[in-house]
Amino acid sequence: MLPDLAAARRRIQMTTGGTEPVDAASEEVMFDLAGGERKKLIQLCLYALDRARSAGVAERIVDGLAGVGVVPVRPDGQRFDPAVHEAGGTEPTDDPALAGLVAETEVVGFLDHGAPVRPPIVTVYTLREGIG
C-alpha cells in the first residue's frame, strides 16, 4: 500500500530540508512517482522469480513480495475464468465435473492488494470428445 499523506509530507520535507511548503500537488506527484516505482520494482521481482534457480531464493522473493501485499495466485481446481486466468493449454478428461476447471497452474499469477499484476497461466480440463 502506498504511504499515507502525512508520511509523504514528511518525506518531502526531509528531502527539502523542511524549507519548502508541501502542497497537495507535491503530494500527488510523490504518490504518482511512488506508485510507478512500486510497479517497476514488482515487475523486476517477478522477472527475478521466474529466473531463480534456487528454491530458497524463489521462496525469499515470494515472501518479500507478500510482505508488501503482493500475493501469488494458484487457481488449481477453480473454474477457469478468462477474465482473470490465461489458458496455456488443455488437459483432456472423461469426467464432466472437471470440464472447465483449472487442472494446474503453469505460471503463478500475482495480485497487489487485490489488483492483478500478472494473470496465472493455467492448464484447463476439457471434456474428451465423444464424452458427455
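Contact here means that heavy atoms lie within 4.5 Å, and the views below are taken from a predicted model.

**View 1. Contacts of leucine 65.** Once residues up to four places away in sequence are set aside, leucine 65 touches Cys45, Leu46, Val70 and Phe110. Leu65 is also one of the nine residues of the largest nonpolar core, and of the residues it touches, Leu46, Val70 and Phe110 belong to that core as well.

**View 2. The largest nonpolar core.** Nine residues make up this core, namely Ile42, Leu46, Leu49, Ala58, Ile61, Val62, Leu65, Val70 and Phe110. Two elements, α2 (24–51) and α3 (55–67), each give two or more residues to the core, and the largest share, four residues, comes from α3. In soluble globular proteins, nonpolar side chains tend to be buried together.

**View 3. Valine 84 in its loop.** Valine 84 is found in the loop that lies between β1 (70–73) and β2 (86–93). Because its relative accessibility is 46%, valine 84 counts as partly exposed. With neighbours within four places in sequence left aside, valine 84 is in contact with Pro119 and Pro120; proline 120 is 36 residues from valine 84 in sequence, while the C-alpha atoms of the two are 7.7 Å apart in space.

**View 4. Arginine 51 and tyrosine 47.** Arginine 51 lies over the face of tyrosine 47, and its distance from the ring centre is 3.6 Å. As for pairs between aromatic rings, a search of the whole structure finds zero.

Technical notes: Residues are numbered from 1 along each chain as its sequence is written. This is a predicted model: local features need pLDDT of at least 70, side-chain atom pairs count only at pLDDT 80 or more; totals for chains, interfaces and linings use all residues. Side-chain values use heavy atoms; hydrogens and water are left out. Rings of Phe, Tyr and Trp (its six-membered ring) pair if their centres lie within 6.5 Å; planes under 30 degrees apart count as stacked, over 60 as edge-to-face and the rest as tilted. A charge sits over a ring if NZ of Lys or CZ of Arg is within 6 Å of the ring centre and within 35 degrees of the ring normal. Buried means under 20% relative accessible area, exposed over 50%, partly exposed in between (1.4 Å probe, protein chains only). A nonpolar core is a set of buried Ala, Val, Leu, Ile, Met, Phe, Trp, Tyr and Cys residues joined through side-chain atoms within 4.5 Å.
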